[in-house]
Amino acid sequence: MWTEWGWMWPALTASTLTAVALVPLGNRVLERGMVFADLAIAQWAALGILLVGTVLPAGGSALSLSGSLALALLAVTLVSLVLRYLTRHREAMIGLLYALGACLATLLVSQDPHGAQRLAHTLNGDLLWTTPAVLGPMVLLAIAVLVWQYALPQCYTGWLFLPLFAVAITLTVDLAGIYVVFTSLIAAPLLLIHLRGTSIVFAILTCLAGHSLGLLISAWQDLPTGPTVVIAAMAICASVAVLARKPINRDAW
């Protein structure tokens, strides 16, 4: 059994770390009422990957991540300005920011013969074929999010949220794609924490179950990993939310 499915351990480990990192951050996104912001920042992080790949095609993964982080931080800065000065129209402005990033990404790869594949990769990712080399930064990210969630005083968590969010989006978009990242940020926190009152830990475990199911189906049926993980995660989270008819104590864990 291990020889048949053991090759998936990097993907399952990456899914675990992704759930640990994104579910607490997604919960904060919902608390702050800035759902479109995570999608916009993810799109700009993907734009950074495409930009470096176009300008410096032999730049390597480190340079690609640097470009992605730079544009993610730019998007975070713009989102912060919108939240501060344009509160009444924040969702509309952040939606425009997302649309601008998506259109710039499309134009950037429009002359590339492999542009469609590169664009699709930023959306769908390639989580199933994760290599052990990328797990180190993900471990550090997961630890940082846990410290931010459970160990830091409230006065620090607020101003650290957006920079930490930018780093998390940068690493996970490159790994899993925009669709999986957005679903991991929103599905479990919304359906379980906010609508059913569960704990963050319970939501993380449910998100991980959805990821694992999606990865197994993708490998078994040779389906695109990103959409399969998204559908499986939504199905698992929705099913658990329906079964958890009575609110669960959020402070249990």
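Start by selecting Asp222 in this predicted model. With a relative accessibility of 69%, Asp222 is over the 50% cut-off and therefore counts as exposed. Asp222 sits in the loop between H10 and helix H11 (225-243). Check the backbone here: the phi of Asp222 is positive, about 55 degrees, although the residue is not a glycine.

Step back along the chain to helix H10, residues 200-221, and pick Leu205, which lies in this helix. Leu205 counts as partly exposed because its relative accessibility is 48%. Now add Pro224 and draw a distance between the two C-alpha atoms: Leu205 and Pro224 are 19 residues apart along the chain, and the separation is 23 Å.

Next, show helix H9 (residues 178-196) together with H11. Their axes come within 10 Å of each other and cross at roughly 0 degrees. The angle is under 35 degrees, so H9 and H11 are roughly parallel. To see the contact from the H9 side, select Tyr179, Val180, Thr183, Ala187, Ala188, Leu191, Leu192 and Arg196. On the H11 side, select Gly226, Val229, Val230, Ala233, Met234, Cys237, Ala238, Val240 and Ala241. Coloured by class, the contact of H9 with H11 shows 14 nonpolar, 2 polar and 1 charged residues.

Move on to helix H7 (residues 135-150) and helix H8 (residues 154-176). These two helices pack at an angle of about 155 degrees, and their axes are 11 Å apart. An angle over 145 degrees counts as roughly antiparallel, which is why H7 is described that way relative to H8. The crossing of H7 past H8 is left-handed.

Select the contact residues of this pair in two sets. From H7, take Pro137, Met138, Leu141, Ala144, Val145 and Trp148. From H8, take Thr157, Leu160, Phe161, Leu164, Val167, Ala168, Leu171, Thr172 and Leu175. By class, the contact of H7 with H8 consists of 13 nonpolar and 2 polar residues, with no charged ones.

Keep Trp148 and Phe161 on screen, since both belong to the contact just shown, and add Phe165. Which residues form one aromatic cluster here? Trp148, Phe161 and Phe165 do. The count of aromatic pairs comes to 4, with ring centres within 6.5 Å as the criterion.

Terms used
Residues numbered from 1 in each chain as written. Predicted model: local features only at pLDDT ≥ 70, side-chain atom pairs only at ≥ 80, totals over all residues. Heavy atoms only, no water. Axes fitted to C-alpha atoms, helices over the stretch in contact; angles between N-to-C directions. Helix = DSSP H or I, 4+ residues; strand = E, 2+ residues; numbered from the N terminus. Parallel < 35°, antiparallel > 145°, perpendicular 65-115°, else oblique. Left-handed = near helix turned anticlockwise from the far one by under 90°. Contact = heavy atoms within 4.5 Å. Nonpolar A, V, L, I, M, F, W, Y, C, P; charged D, E, K, R; others polar. Phe/Tyr/Trp six-rings, centres within 6.5 Å; stacked < 30°, edge-to-face > 60°. Buried < 20%, exposed > 50% of the residue type's maximum accessible area, 1.4 Å probe, protein only.
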